[in-house]
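Student: I should like to learn how to read a structural model, one feature at a time. Could we begin with the surroundings of a single residue?

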Amino acid sequence: MFDIRLRSLKDDFFDPCCRFIPSQITPYHVTAAAFLAGLLSCYCAYLNSPLLSAGFWALNRFLDCLDGALARHRNTASDLGGFLDLLGDFIVYSIIPITISAGQESTIRCWQAVAILEATFHVNNFILFYIAAISEKRQAKDSASGKELTSVMMRPALVEGLESGVLFTGMLVFPGYIEGLCWLMAVLVSVGIVQRTAWVIPALG
């Protein structure tokens, strides 16, 4: 919900950091390091080590912002880099609730909450990627016909990057509340699904 508003602040913070990174380190290296930090965070969550898990999660978030900033700073941004960045994010996001719940030896009710949350992720991702595909198709069609390029831009929803980060942080720091936080996040993501669907249907029609 606040990602667009905070983007300029994020760029102002990370752009100066890029000057101190050796040229031998590429954005791909940073992306790989971010993914590794995310996996270590999940592993520590499974071991029921909240402090270590939260520390690696904070490192993951820092590096996840840094790789894109570094690519833009060096004018080496690419579709492959964006793909690998998102792939790593989605893997870590999906594993976090599972590893926390496994580390807590959770009840069936807790696993049900995790399953519902994962299902909302699946539906939300379908909406995002389907709209991206339609947008690409429309751009190609308009370009071939000589028309002005148009795109279907996805509007902000209740839960985006910042809100997801806060909720995942809460899960990692307070693993005993994993069930309630999963239900909370599932509800918020579902609200975002309804928001985007309500906007997408008339936009595509």
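Student: Which residues does Ser101 touch, not counting residues up to four places away in sequence?

Tutor: A contact is counted when heavy atoms lie within 4.5 Å. In this model, which is predicted, Ser101 touches Ser106, Cys110, Trp111 and Val114, with residues up to four places away in sequence left out. Ser101 has its place in helix α4.

Student: Is Ser101 buried or exposed?

Tutor: The term depends on relative accessible area: under 20% is buried and over 50% is exposed. Ser101 has a relative accessible area of 0%, so the residue is buried.

Student: Ser101 and Ile178 are far from each other in numbering; how many residues apart are they in sequence, and what is their C-alpha to C-alpha separation in space?

Tutor: Separation along the chain and separation in space are two readings to take side by side. Ile178 and Ser101 are 77 residues apart in sequence, and their C-alpha atoms are 6.8 Å apart. Ile178 lies in helix α7, which covers residues 178-204. With a relative accessible area of 2%, Ile178 is buried too, because the limit for that word is under 20%. Setting aside residues up to four places away in sequence, Ile178 touches Pro97, Ile100, Cys110 and Met171. Cys110 is thus a contact of Ile178 and also a contact of Ser101.

Student: How does one describe the way two helices, such as α2 and α4, lie against each other?

Tutor: One compares their axes. Helix α2 (residues 27-46) and helix α4 (residues 79-103) have axes that come within 8 Å and cross at roughly 5°. An angle under 35 degrees counts as roughly parallel, and α2 and α4 are therefore roughly parallel to each other. The contact of α2 with α4 has 14 nonpolar, six polar and one charged residues.

Student: What secondary structure does the whole chain have?

Tutor: The protein chain has seven helices and zero strands. Of its 205 residues, 36% are buried. Among contacts between residues at least 6 apart in sequence, 77% join residues at least 24 apart. The chain exposes about 12000 Å², and carbon and sulfur atoms supply 68% of that area.

Student: Which residues does the UniProt annotation "transmembrane region" cover?

Tutor: An annotation comes from a record, and one may set it beside the model. The unreviewed UniProt entry gives this annotation to residues 32-59, 80-100, 112-135 and 183-204. In the model, residues 112-135 are 100% helix, with end C-alpha atoms 35 Å apart. Residues 183-204 are also 100% helix, and their end C-alpha atoms lie 31 Å apart.

Note on methods. Residues are numbered from 1 along each chain as its sequence is written. This is a predicted model: local features need pLDDT of at least 70, side-chain atom pairs count only at pLDDT 80 or more; totals for chains, interfaces and linings use all residues. Side-chain values use heavy atoms; hydrogens and water are left out. UniProt positions are given in the numbering used here, feature names are shortened, and annotations may be inferred rather than shown by experiment. Helices (H or I, at least four residues) and strands (E, at least two) are DSSP runs, numbered from the N terminus. Buried means under 20% relative accessible area, exposed over 50%, partly exposed in between (1.4 Å probe, protein chains only). Accessible areas come from the Shrake-Rupley method with a 1.4 Å probe; for residues, only the protein chains shown count as cover. Axes are lines fitted to C-alpha atoms, for helices over the stretch in contact, and angles run from 0 to 180 degrees between N-to-C directions. Angles under 35 degrees count as roughly parallel, over 145 as roughly antiparallel, 65 to 115 as roughly perpendicular and the rest as oblique. Ala, Val, Leu, Ile, Met, Phe, Trp, Tyr, Cys and Pro count as nonpolar, Asp, Glu, Lys and Arg as charged, and the others, Gly among them, as polar.
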